[in-house]
Amino acid sequence: MASIYSCAECNTNLNLQTINLFPSDFYFEAGNKGTLSFAVIDESKFKLQKEDKIRPFFETVNYWGIQRKRIKMKCNRCGYLLGYVYDDGPPLTSSTGQFHMGPSQVVPRDPRFRFKTKALKITTET
């Protein structure tokens with residue numbers, strides 16, 4: 001059984017393949033709750049828009065905020081926000097990371113295409 005993933009707003013087929021779907025229990029640093037994450041997408045179906053913002057967060061005098069860099073994924077047809085691209089996928093190398101303490105942000109990683117489940121319409125074909 002294959003699933004067809006469509007935009008919840010305009011019902012356009014997004015050409016997402018179930019074989020590229022990460023398991024729901026796969027660990028990601030940015031979390032995976034309430035989302036579907038794919039390793040590969042058909043970029044012709046999406047508008048990718050860079051987002052760079054700083055959220056003020058004053059924990060200490062020397063800590064001014066959290067800088068978040070991510071890429072928005074919008075439907076190419078209607079512009080509906082479907083999810084984000086994160087760089088916390090599987091490591092590109094078999095390196096043990098900085099100080100040999102496991103993978104960290106220092107180790108280059110594959111992108112992860114994270115979709116909000118409410119932004120997708122999922123139908124199953126038999």
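1. A salt bridge, as the term is used here, is a side-chain nitrogen of Lys or Arg within 4 Å of a carboxyl oxygen of Asp or Glu. The coordinates come from a predicted model, and one such contact is present in the structure. The partners are E51 and K72, whose closest N and O atoms are 3.8 Å apart. Since the cut-off is 4 Å, the pair qualifies.

2. The location of this contact deserves comment. E51 belongs to strand β3 (residues 46-60) and K72 to strand β4 (residues 63-75), so the salt bridge ties together parts that are 21 residues apart in sequence. The two partners fall into separate burial classes: E51 is buried, at a relative accessible area of 14%, whereas K72 is partly exposed, at 21%.

3. On the cysteines, the model contains zero disulfides. For C7, the nearest cysteine sulfur belongs to C78 and is 3.8 Å away, and C7 is in no disulfide. For C75, the closest cysteine sulfur is that of C10, at 3.7 Å, which is too far for a bond. The criterion requires the two sulfur atoms to be within 2.5 Å. Both C7 and C75 are buried, with C7 at 0% relative accessibility and C75 likewise at 0%.

4. Which residues make up the aromatic cluster? Y5, F38, F46 and F115 form one aromatic cluster. The count of aromatic pairs in the structure comes to five. One ring pair can be described in detail: F22 and F26 have ring centres 5.1 Å apart and planes at 40°, so their arrangement is tilted. With regard to solvent, F22 is buried at 13% relative accessibility, while F26 is partly exposed at 31%.

5. Strand β2 (residues 35-38) has side chains on two faces. T35 and S37 point one way, L36 and F38 point the other way, and all of these residues are buried. F38 is also a member of the aromatic cluster, together with Y5, F46 and F115. The face of β2 that carries F38 is therefore the one it shares with L36.

6. How does β2 run relative to strand β6 (residues 112-116), parallel or antiparallel? The two strands run antiparallel and are joined by four bridges. Within this pairing, S37 stands opposite R114 of β6. S37 itself is buried and points the same way from β2 as T35.

7. Two backbone conformations should be checked by the reader. In general, most residues other than glycine have a negative phi. N11 departs from this pattern, with a positive phi near 65°. N15 also has a positive phi, of about 55°, although it is not a glycine.

8. Both asparagines are found in one connecting segment: N11 is in the loop between β1 (2-7) and β2, and N15 is placed in the loop between β1 and β2 as well. Neither is buried, for N11 is partly exposed at 45% relative accessibility and N15 is partly exposed at 36%.

Terms used:
Residues are numbered from 1 along each chain as its sequence is written. This is a predicted model: local features need pLDDT of at least 70, side-chain atom pairs count only at pLDDT 80 or more; totals for chains, interfaces and linings use all residues. Side-chain values use heavy atoms; hydrogens and water are left out. Buried means under 20% relative accessible area, exposed over 50%, partly exposed in between (1.4 Å probe, protein chains only). Rings of Phe, Tyr and Trp (its six-membered ring) pair if their centres lie within 6.5 Å; planes under 30 degrees apart count as stacked, over 60 as edge-to-face and the rest as tilted. Two strands pair if DSSP finds at least two bridges between them.
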